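Student: I would like to learn how to read an interface between two chains. Can we work through one example?

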Amino acid sequence: MRILCCVKRVPAPGAKINVTDDGLAVDASHLGFATSPHEECGVEEAVQITERHGGEVTVLTLGPPEAADQLRYAASVGAHHGVLVATDGSAWDPQRTAVALTDAIRGLEAADGPFDLLVFGNESADSGGFQVGVRVAYALGRPIVNGIKGIEVDADAGDGVVRARREIDGGFEVYELPMPAAVGVKEGINLPRYPTMRGRLASKKLEIAEQASDAEPGGQSLVRLHRPRETVTETVILGNSPEAASAVVDVLEELGVV
Amino acid sequence: MLLVVLEHDRGAMDEAAREALTFGRGLAAQMGLPLHAALIGANDAELVAEAGAFGAETVYTAVHEVLSDFGPEAWGEAAAEMIRQLNPRAVLAGGSERGNEIMAQVAARLDLPMVANCLEIDPNGGAGEWTITRQQWGGSLLEDASLVSERPLLTSGLHTLAAEQTDAPAVPVAQAVEVDLDPSLARTVVKDRVVLEAGVTLSTAPVVIGGGRGVGSPEAFAPLEELAAMLGGRVGCSRAVTNNGWRPHSDQVGQTGTRITPEIYIASGISGAIQHWVGAKASKHILAINIDPEANMVVKADWAVIADLHEVIPAITQEIKRRRA
């Protein structure tokens, strides 16, 4: 089983997101960076699948040279290979990103054979374009379903089938994708493991294959980031002890929910 | 024309589609374009009439055997084919999970830019250079973007506007569009559905009792469950709780979980990190229970009780029992 996971390096936000003076990026000076949450779960899922079925996980990212950190993190939790498509760190639009990733995957497949499964995050935590995985899968002719929170690989059915669950209100939908396939996964598909000491050591030795991309910009470009206007709420304090319960139930009655 | 792709689940229109029609009505008026709708995999009169009530003049319908149930590739190709035939000036869908997915499929197939979760769209006179304000970080941050496209594909930010019917509803014309779809598109059509719980769910519950790190353990959610059951509501939780394995991820409220819209959200022991607030902010009212008066959740709440949730929640339950007795 050959699995490819695409991940994105994003700022790790706390209670507030600040913007740099030029308005073109999140000010991450006090935040640090992480793997976008859906994709962190994507790597975990890919590693679990190879633990059950054998095979290898390749992690691919497009971003600044520092995005190598996210590839090393993936290696520390079990991924086998890392590929970086390096940019100057500016925000790439979704079309350009998709073309660059598609080219990179074509190159990897030409060298080492096709991937059985491509794993994307449903959407990135920061720019949230909701499209890169779908564009790449379409360009490569792979079936893709988004919103996936459960994967079961049946390697014995024909050329292989991916049974994928998508959460809906009060239950889930089931899809059966013929392999080679692609999925857009969501956080909650698993609980990602923490790196072990051995994993950390292995990640230091990870050889990262670097690639450049000549993908042209698409139609959308970033002008400026800004925080939404905040509505100031006057919070009414109902009390400082369990005796406030009476006032709480008054509120609930007023709203007609009791 | 401005074309709105309607999201529905086996004939039941999604709120996101109503929001997209409402949003599209404003944009179409601004551009002097008629508002039309695309209905995929259905042609029933009720859906057509509902689209009309929200301002659609013509409802184009596409029916085909691979559209018997939802499938992102089949729906995407059907929408793309309708767009090829109808040549709309712009295309809009609701910014729900399915709405964004269908539009991404359309974008891939037509090789056009797509801008997700828009709040404001300015056609700048209609020369093909658009100025858009859209959501990043689930709405915690906004992006002003410029878009160069002869045919923008857009989705409207989920629950960022209230769906409203038009004052001057017309009886819409239903018009069938022939779409020739490859049977292989059935490879991503829903195969089966599993219902885990009937009745109210986290996203539809009128009351949500939220618990955060402050709850302390999986067992300590029992009083929250009791109160939620009493009010016909549901228990929700923060990301810290699911990361600790105390609750299933399906209970998570937030950017990577569920967006809730209850009449009241009782957030207990939740600090209110950005990731959580994004999922909670569409609540009509918020009551925070927290020992920290400075907590983000307390500051943003309509009401707050500054005390230990482990004492306050059972006291609320007792008080309701007492009044009901």
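Tutor: Start with a single pair. This is a predicted model, and in it R98(B) forms a salt bridge with E173(A), with 2.6 Å between the closest N and O atoms. The rule accepts a side-chain nitrogen of Lys or Arg within 4 Å of a carboxyl oxygen of Asp or Glu.

Student: How many salt bridges does the rule find across the interface of chain A and chain B?

Tutor: Nine. For polar contacts, the rule finds 38 residue pairs across the interface of chain A and chain B. By class, the side of chain A that touches chain B has 39 nonpolar, 24 polar and 18 charged residues.

Student: How is the size of an interface given?

Tutor: Often as the accessible area lost when the parts come together. Here, chain A and chain B bury about 6900 Å² between them, and carbon and sulfur atoms give 58% of that area. Of the area that chain A buries against chain B, 8% comes from Y138(A), E187(A) and Q220(A), more than from any other three residues. The contact takes 81 residues from chain A and 85 residues from chain B.

Student: Which strands are joined between chain A and chain B?

Tutor: Strand β12 of chain A, residues 220–226, and strand β9 of chain B, residues 141–148, run antiparallel and are joined by six bridges. Within β9(B), E143(B) is the bridge partner of L225(A).

Student: And what does chain A itself contain?

Tutor: Chain A has six helices and 13 strands. Of its 258 residues, 52% are buried.

Key. Residues are numbered from 1 along each chain as its sequence is written. Chains are lettered from A and ligands numbered from 1 in the order in which they are written. This is a predicted model: local features need pLDDT of at least 70, side-chain atom pairs count only at pLDDT 80 or more; totals for chains, interfaces and linings use all residues. Side-chain values use heavy atoms; hydrogens and water are left out. Contact means heavy atoms within 4.5 Å. Buried area is the accessible area (1.4 Å probe) that two parts lose on being put together, summed over both. A polar contact is a pair of N or O atoms within 3.5 Å; within protein, one must be able to donate a hydrogen and the other to accept it, and residues adjacent in sequence count only if both atoms are side-chain atoms. Ala, Val, Leu, Ile, Met, Phe, Trp, Tyr, Cys and Pro count as nonpolar, Asp, Glu, Lys and Arg as charged, and the others, Gly among them, as polar. Two strands pair if DSSP finds at least two bridges between them. Helices (H or I, at least four residues) and strands (E, at least two) are DSSP runs, numbered from the N terminus. Buried means under 20% relative accessible area, exposed over 50%, partly exposed in between (1.4 Å probe, protein chains only).
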